[in-house]
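Please look at the sequence and the structure shown here before reading on.

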Amino acid sequence: MRAKPAGPLAVAVAVEYVHAASLVLDDLPSMDNAVRRRGRAAIHLAYGVATAELAAVTLLSRAFEIVARESAIAADVRTRISGELAAAIGASGCCGGQAADLAADPASVVLDELEAIHSRKTGALFVAAVRGGALAGKASEATLEALTLYARNLGLAFQITDDVLDVQGDPERLGKDTRRDGHRANFATLLGVDSSRALVTELLDTATASLSPFRQRGVVLADVAGYVRDRRS
Amino acid sequence: MPPRPTLSQARAKLRELGYLESRVERFVFRRALQGIAALLLPVVFVGALAVSLAETASVAASQFRYGESPRAVAVLFAHLFLAAVLPSAVFAALLLFAAGRSGRPGRGAAAFGLLASAGVLFLWTFGTLRLGPEAAAAALVWGIPVSLVALLFGATARATFLARAFAESGRLPERPRRAILLLAVAGAFSVAAVLFATRREPAHPAPPLPARRGEAVLVIGIDGLALDSPCARDEPIARRLSGSSIGWWETHPASPAEIWTDLATGVPAARHGVRALEWVRPLGVPPLRPPAGASWYLRGLGLAVGTVSRAPVSAWERRSLAFWEVAASAGLPALAVGWWASGPWPGAAIVENRDVLAQSANGIDADSVAIREFERRFEGQSVAALYLPGADILRGDPRARAAALARLAPFLDRWIARARSGEVALVLLAADSHPSVGSHGRMVVFDRGTVPAAGIRSIRPVDVAPSVLARAGIPVARDLPGGAIAALFRPGSLDTTAVATYGERVAPAATARPETDREYLEKLKSLGYLN
């Protein structure tokens, strides 16, 4: 991963744009109908639904523009990153996961279905973020494989933590509404808080172990796993 | 509503879905999971590279003047690399077999890694020491790439062992043992450095030798004549060889080329380098002695497939000066006829062994040709050597052998008479390259004034050349293991001064005669020297 920093940084910015767009869309009345995000009024409440929808689309298009224009990344790699980012957003990613989430019956959902929802809704973007940065850094296929394992386990751990915080968290610290996911499929309600926390620990241990081949080069990513482990908001 | 899954059920389900397993081992040992070939090929390739480099290094650093030709070294490396593929493949197969059944992969991997590194370093060190003494510096310079490639081979073997063990059983090493390879290689290199540094330094070329001219010294070597064997009393010329000063030595089985080169040079085979009647010549490179580990190719497969040819013994591989060459270098006219491993030398008239045998159909012919060539060239020489192979060639035919020896009698009588008259000093050598137990070689001296049979004493083969040289008036080199045996010669006739060394034999450019090699080999075979 000795590429110019500009390449991975552009991917990071693009992923953050996609993430922001997903939050805007997730808060819409047709989705979670949330009223707060990051301690402030949700966008659709502050500026209207139409503006929120347009902002989301703009963020998404801007994300791809950033990747497409980044000359520090080889053209074929840009194409690959764009493809993986698009897949993380589309039917096999956030959108597909959100649709499955909306359609699921929380009372009858089973673990397989819940994993399928979360792996697409949250995990796909984690994977795209990690793999995109690695691709921009000219990582080998073997490295990509190890990092994908890291991202999948981290993504699920993050989502389960999110579910637990939704049940137990302080809305003030979280900066968003809690217990709004009660009408949606949720690990905390499916497994219980203790089991969910235990799984989070094991998933994060696994994610960290996946970084062992990188030794010191994996420290930053291990810190991210540590952040999720300590997450209270 | 479905029942709430337990933690263990949830854990199992997530594992099933690909979570909770870092599979980092699968990443580290990725190669192992791609099949046997992905594991086997690197070991075979690196192994062949390491082994062939070690063998090439041993030849280049030890065999006379080999290292001076980069092209010859490169071509030899190519030969040895191909030859090393098979043993490397066998090693790789053994490694994979052991790894698949290893209960303690860490130890097994360390052991195989050490074995690989040690094997390469052994081939280099042992091969260099065995093939011949050259400068320690040359051997150690080769030691740098050899050590690196030994380390690489060890690391490859270790990693492959671990990977195979994991692929078979999922077992991982208890703890890393990488440093042991580095320590072992560093230790082995240090040992090699000490071994090489304690070797004899090659002698520097000698300054012009002082020599005083006196009577000519004639040395006649009769091969296949063991005078202590049970039938020795019946030898037709035994009586002639018992009437003067005699030195004797115990003989041992060896090739005639080695024995007679010992006698001619005054040093053992470890120093003069001539051992066998036949060397090998890989395609495109000069003849060489096979390095450790490569004989199966250079003496077997390579000959069978035609990438290696046979090369007969010649002066090319001899690194010590024969007494006639020392004499010629000292300005004395010198002659050698029919001697093993003889070749052109400035100031000397040489009739090579191959030239004598080329004109001979059998042992009787060989002696006749040698004697004819000798007598044609002898006049005016100060030091002369004549080798008579007839009795040795005819050892399987007692009647013909007796006839050959009987035909020698008048020739010997003629020269013994000239010696007794003081015209020449005659040294008769009788030795047998196929001795029976307890038989001896003899040096019988006919020199005016010597007391018949008074000087019977034990000597060593390496005493012969210094004795001849001292009798010819040439100072004896102090770096020779033997010395002049004054008691066997006319009192006061031997030069008693000494020089440090005669130096190494640096042959004139065109000493090899590959165009007649095949013919010479065929002749050696037809006369019973080679199987």
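The report below covers chain A, a pair of its helices, the nonpolar cores and the contact between the chains.

## Chain A in outline

The model is predicted. In chain A there are 11 helices and two strands. Their order along the sequence is α-β-β-α-α-α-α-α-α-α-α-α-α, with both strands coming after the opening helix.

Chain A has 233 residues, and 45% of them are buried. Among the contacts in chain A with a separation of 6 or more, 69% join residues 24 or more positions apart.

## A pair of helices in chain A

Helix α4 of chain A covers residues 75–89, and helix α6 of chain A covers residues 111–136. Their axes come within 9 Å and cross at roughly 175°. An angle over 145 degrees counts as roughly antiparallel, and α4(A) and α6(A) are therefore roughly antiparallel to each other.

On the α4(A) side, the residues that meet α6(A) are A:Val77, A:Arg80, A:Ile81, A:Glu84, A:Leu85 and A:Ala88. The α6(A) side includes A:Ala124, A:Leu125, A:Val127 and A:Ala128, and also A:Arg131, A:Gly132, A:Leu135 and A:Ala136. By class, the residues of this contact are 10 nonpolar, one polar and three charged.

## The nonpolar cores

In soluble globular proteins, nonpolar side chains tend to be buried together. The largest nonpolar core in this model has 161 residues. The members that touch the most other members are B:Val120, B:Trp324, B:Ala327, B:Ala385 and B:Leu429. Helix α6 of chain B, residues 136–169, gives the most to this core, with 15 residues. Domain 1 (20–197) and domain 2 (216–274 + 317–502) of chain B both contribute residues, so the core lies between these two domains.

B:Trp324 can be followed in more detail. Leaving aside residues up to four places away in sequence, B:Trp324 touches B:Ala334, B:Leu335, B:Ala336, B:Ala348, B:Val383 and B:Ala385. A second, separate core has 68 residues. Among them are A:Leu114, A:Ala157, A:Leu165 and B:Ala10, so named members come from both chain A and chain B.

## Where the chains touch

How many residues does each chain bring to the contact? Chain B brings 19 residues and chain A brings 26 residues. On the chain B side, the elements that give two or more residues are α1 (7–16) and α2 (24–28) of chain B. The largest share of that side comes from α1(B), with four residues.

Sorted by class, the side of chain B that touches chain A has 11 nonpolar, two polar and six charged residues.

Note on methods: Residues are numbered from 1 along each chain as its sequence is written. Chains are lettered from A and ligands numbered from 1 in the order in which they are written. This is a predicted model: local features need pLDDT of at least 70, side-chain atom pairs count only at pLDDT 80 or more; totals for chains, interfaces and linings use all residues. Two residues are in contact if their C-beta atoms, placed from the backbone, lie within 7 Å. Ala, Val, Leu, Ile, Met, Phe, Trp, Tyr, Cys and Pro count as nonpolar, Asp, Glu, Lys and Arg as charged, and the others, Gly among them, as polar. A residue is buried if 20 or more other C-beta atoms lie within 10 Å of its own, exposed if 12 or fewer, and partly exposed in between; C-beta atoms are placed from the backbone. Axes are lines fitted to C-alpha atoms, for helices over the stretch in contact, and angles run from 0 to 180 degrees between N-to-C directions. Angles under 35 degrees count as roughly parallel, over 145 as roughly antiparallel, 65 to 115 as roughly perpendicular and the rest as oblique. A nonpolar core is a set of buried Ala, Val, Leu, Ile, Met, Phe, Trp, Tyr and Cys residues joined through C-beta atoms within 7 Å. Domain bounds come from an automatic or database domain assignment.
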